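Work through the exercises below with the sequence and the structure side by side. Try each task before reading its solution.

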Amino acid sequence: MMVREQTRISAQQARNLHLAAQGLLGPPRARASRARVLAAIERMRLLQIDTINVVARSPYLVLFSRLGTYDPRWLDELLARGAIFECWAHEACFAPMADFALHRHPSPIRNGHWAHKHATNLMRTHHAQIAALLERIREHGAVRSSDFQRAITGAGGWWNRSLEKRLLEAAFVHGELMIARRENFQRIYDLAGRVMTRAGIQPASSRLDATAIRRQLLLDSVRALGVTQARWIADYFRLPGRLGDADLAEFVESGDLLPVAVRGWTGTGYVHRDNAVLLARAQRAVLRATHTALLSPFDPVVWDRARASAMFGFDYRIECYLPAPKRRYGYFVLPILHRGKLIGRLDAKAHRDDGVFEIKSIHLEAGLAAGDIAVAELAAAIHACAQWHATPRVIVRKPDPIGLAGFLRVTPG
C-alpha cells in the first residue's frame, strides 16, 4: 500500500481552510446575485431549512452570512425554476438539482433516518388516504396543506389540516411528491414526475445504488467541510454509521482524500483533492480569515457540536427547542464569526414593524474583552444584518462584558 506523507498545518490554518470551503473566509467580493445564491448552495452542498423567523428564517440567514445583502426571493425563484430542490438529508434541506440522484427518495441509505421511519409508518397505516391524495393532485394540480378544509368535529372525515399535512409530508419523503415551489414559505406539493419533467430530469437517469450514493456523499462531505476528521463526516449528510480512519483508507490510496496532520487534533484530518490548492495556501499561511458575520444556529459550521468544539473551541447548543428555564443564552442564539474564530453569541429578534433589531443578550467567549477583538468590524456586521432585516435601530439589552454596547454604537436597552 502506498504511504502518503501527511501535510502539517496549525489549528488556525485548519479553521481557515474550513471557512474557505464554506465561503466564510472573507467578506463577499462582489454584489450578490441569483447565480451567487446558487453557487453558495453548491459549495455547501446543502442548505438546511428551518421555519423559525424571529430574525430571518435560517436558510436566508445562512446565505446572508456568505453573500451580504441580497433579495431572499431569489432562493424561492431558484426552487420554482428547478435549479434547487427540497429533500431530507442532514435534515430538511435545499440541495442543487445536479445532486438529485444522490437524494432521491426513497433512498437506499436513508431508511434509518427518523423522517423516513415516520413516513414509512404513515404510508402503511394510511395507504388509501395517501392514494386518494395523490389522485386529487394528479387531477387538480399542485396543493398546499391549507388547501384542504378542516374536518368538522364528529363528522368522521379524515381531511383535517394536521393529518393531511402529515400525509403530504410522508408522500414527499417517499418520493411520490416533490416541492414545486414555496409561497410565503408554504410548501406547494406536486407529483414528483411533473416536477422532474419541468426540471429536465429523466427518471431512469436519476437512480444510483447505495454504494455509489454513500461514496459520493462521503466525498462531498469532506469537500464541503474543507478539512475534517473521519468522525465528523457522517453527520454532514446524516449517513448511517460512524466513520473511522480505516473506512477512508481506500480514498487516501486512490488520492481522492489527502491526509493532514492538524496541530492539537487527536485524529488525522482529511482534505478532498479538489481542495488541494486551498490546503497548500493554508499551509503557506496565505489563507487569511477577514470576515465577521452572524451565523444561523443551523449553519453548517455549527451543525456538529463536537466538530465546532474541537475546531473552534466553541461549545454551541441550539436552545430554541429547550424549555425557557433550561436555556443558558437564549431562544435564537447566533454564533459570532470574527476573523476565523467563533468569539461569542447573541440572542436576537427583528421587530420589523418598529424597525428595531433587538439584541436581547450578547456574550463574548470566556476570557475575551472588547479590546481583544476588532469591535468596529463586529458593529458593522451587526448593523449590516439589521439593515438587511429593515430594522436599522439596534438595541442591546444585556451585553457581556457590560460595556460592549457602547463599543458597538448601539442603543442600550
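The exercises that follow concern a predicted model.

**Exercise 1. The open sheet**

Task: Work out the strand order of the open sheet, then find which strands stand at its edges.

Solution:
- Step 1. Four strands, in the order β1-β8-β9-β7, make up the open sheet, and their pairing is mixed.
- Step 2. β1 (7–9) and β7 each have a single partner strand, so they stand at the edges, and one side of each is left without a neighbour in the sheet.
- Step 3. Helix α10 packs on this sheet, where it touches β7, β8 (257–262) and β9. The direction of α10 makes about 95 degrees with that of β9.
- Step 4. Now take β7 and β9 (residues 269–272): they run antiparallel and are joined by 2 bridges. T228 stands opposite Y270 in β9.
- Step 5. Add helix α13 (residues 276–283), which lies across β1, β8 and β9. α13 runs at about 55 degrees to β1.

**Exercise 2. V227**

Task: Place V227 in the fold, decide whether it is buried or exposed, and list what it touches.

Solution:
- Step 1. V227 sits in the loop between α10 (210–225) and β7 (228–229).
- Step 2. Its relative accessible area is 0%; the cut-off for buried is under 20%, so V227 is buried.
- Step 3. Leave out residues up to four places away in sequence. V227 then touches A14, L17, H18, V262, W265, G269, Y270, V271 and M311.
- Step 4. Check the separation along the chain: V227 and N16 are 211 residues apart, yet their C-alpha atoms are separated by 9.5 Å.

**Exercise 3. Q13**

Task: Find the helix that holds Q13 and the residues in contact with Q13.

Solution:
- Step 1. Q13 belongs to helix α1 (residues 11–22).
- Step 2. With a relative accessible area of 16%, Q13 is buried.
- Step 3. Set aside neighbours within four places in sequence. Q13 is in contact with A282, Q283 and A285.
- Step 4. Look at A282 again: its backbone oxygen lies 3.2 Å from a polar atom of the Q13 side chain.

**Exercise 4. The β3 hairpin**

Task: Describe how β3 is covered, which way its residues point, and how it pairs with β4.

Solution:
- Step 1. In strand β3 (residues 84–88), 5 of its 5 residues are buried.
- Step 2. I84, E86 and W88 point one way, while F85 and C87 point the other way.
- Step 3. β3 pairs with strand β4 (residues 92–96) in the antiparallel sense, over 5 bridges. A hairpin of 3 residues joins the two strands.
- Step 4. The bridge partner of W88 is A92 in β4.

**Exercise 5. Salt bridges**

Task: The structure holds 24 salt bridges. Analyse the pairs R187 with E86, R215 with D256, and R305 with D315.

Solution:
- Step 1. In the salt bridge of R187 with E86, the closest N and O atoms are 2.9 Å apart. This pair links strand β6 (residues 186–191) to strand β3, across 101 residues.
- Step 2. R187 counts as buried at 12% relative accessibility, and E86 counts as buried at 3%.
- Step 3. A network of salt bridges links E86, E169, R182 and R187.
- Step 4. For R215 and D256, the closest N and O atoms are 3.1 Å apart. R215 lies in helix α10 and D256 in the loop between α12 (245–254) and β8, so the pair ties together parts 41 residues apart in sequence.
- Step 5. R215 is partly exposed at 35%, whereas D256 is buried at 8%.
- Step 6. For R305 and D315, the closest N and O atoms are 2.8 Å apart. R305 is partly exposed at 41%, and D315 is partly exposed at 42%.

Technical notes
Residues numbered from 1 in each chain as written. Predicted model: local features only at pLDDT ≥ 70, side-chain atom pairs only at ≥ 80, totals over all residues. Heavy atoms only, no water. Buried < 20%, exposed > 50% of the residue type's maximum accessible area, 1.4 Å probe, protein only. Polar contact = N/O pair within 3.5 Å; in protein donor to acceptor, adjacent residues only side chain to side chain. Contact = heavy atoms within 4.5 Å. Pairing = 2+ DSSP bridges. Axes fitted to C-alpha atoms, helices over the stretch in contact; angles between N-to-C directions. Salt bridge = Lys/Arg side-chain N within 4 Å of Asp/Glu carboxyl O.
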